[in-house]
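User: I am new to this structure and would like a close look at a single part of it. Please take the salt bridges, and follow them to whatever lies beside them in the chain.

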Amino acid sequence: MTILRMGHPLLNCRSEEVLDFNSPDLDGIVEQLLEYRDRFEGAGLAAPQLGIAKRIICFGGKTKRYPEAGASPVRILINPIIEPLSDEIESGWEGCLSVPGLRGLVDRFEYIRYTGFDVAGNQISAEASGFEARVLQHEVDHLDGILFPKRIKDFAHFGFEEELVI
Ligand code: NI
């Protein structure tokens, strides 16, 4: 059981849309994603981090790594699309299971609408703000081959968790 780390070429690729819903293949990927999320306690996880180049993410749920995440249930979102609801930007610290031990300060939209599908192919549409909106933007970035260090504006605010003054 392993999660790909920064440097693996697959993490730099755009992942493909899911076309078949209600399939054993898709169920298998989703099951794996949820299992890894639980084991490694990410605030979210994207299929390409497991070496699967499909547009599938999970987010939410309790995690020790991010106590601010609250107690929302873990959710799956397929072929997600994010649209900002305002120009408001918030700076916040991010980490990533594919960039272990490091954190960086990243700007994200504070308010977003996200749409996509569940495993059965039902459409999902909802709004998110703050930490949840940040996680969604981070995970959707994975589907486009973008890791959070690419979003850092000031590398004075990037480094090892143990060294940073947050
Ligand atoms: Ni990540």
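Analyst: In this predicted model, the side chains of Asp-141 and Arg-108 meet in a salt bridge, with 2.9 Å from N to O. The two partners come from distant parts of the chain, since Asp-141 belongs to helix α2 and Arg-108 to strand β5, with their positions 33 residues apart in sequence. Both Asp-141 and Arg-108 are buried. This pair does not stand by itself, for salt bridges that share partners join Glu-94, Arg-108, Arg-134, Asp-141 and Arg-151 into one network. Side chains of opposite charge can pair when their charged atoms come close.

Strand β5 also holds Asp-107, whose partner Lys-153 lies in the loop between α2 and β8 (158-160), so that this pair ties together parts that are 46 residues apart in sequence. Asp-107 and Lys-153 form a salt bridge at 2.9 Å, N to O. Here Asp-107 is partly exposed, at 28% relative accessibility, whereas Lys-153 is exposed, with a relative accessible area of 70%.

A further salt bridge connects Glu-17 with Arg-55, where the closest N and O atoms are 3.8 Å apart. Glu-17 sits in the segment before α1 (24-40) and Arg-55 in the loop between β1 (44-46) and β2 (56-59), so the pair ties together parts that are 38 residues apart in sequence. Of these two, Glu-17 is partly exposed, with a relative accessible area of 36%, while Arg-55 is buried at 5%. Over the whole structure, the search finds 15 salt bridges.

Helix α2 leads on to the metal site. The nickel ion is coordinated by Cys-96 through SG and by His-138 and His-142 through NE2, at 2.1 to 2.3 Å. Cys-96 lies in the loop between β4 (89-94) and β5 (102-109) and His-142 in helix α2 (residues 130-143), so this pair ties together parts that are 46 residues apart in sequence. Along the chain, the donors of the nickel ion follow the spacing C-x41-H-x3-H. Cys-96 and His-142 are both buried, and for Cys-96 the relative accessible area is 5%.

Cys-96 also bears on the question of disulfides, of which a search of the whole structure finds zero. The cysteine sulfur closest to that of Cys-13 is the one in Cys-96, and because the separation is 15 Å, the two are too far apart for a bond. Cys-13, at 37% relative accessibility, counts as partly exposed.

Terms used:
Residues numbered from 1 in each chain as written. Predicted model: local features only at pLDDT ≥ 70, side-chain atom pairs only at ≥ 80, totals over all residues. Heavy atoms only, no water. Disulfide = S-S within 2.5 Å. Buried < 20%, exposed > 50% of the residue type's maximum accessible area, 1.4 Å probe, protein only. Donors = N, O, S within 2.8 Å, 3.2 Å for Na, K, Ca; no water. Helix = DSSP H or I, 4+ residues; strand = E, 2+ residues; numbered from the N terminus. Salt bridge = Lys/Arg side-chain N within 4 Å of Asp/Glu carboxyl O.
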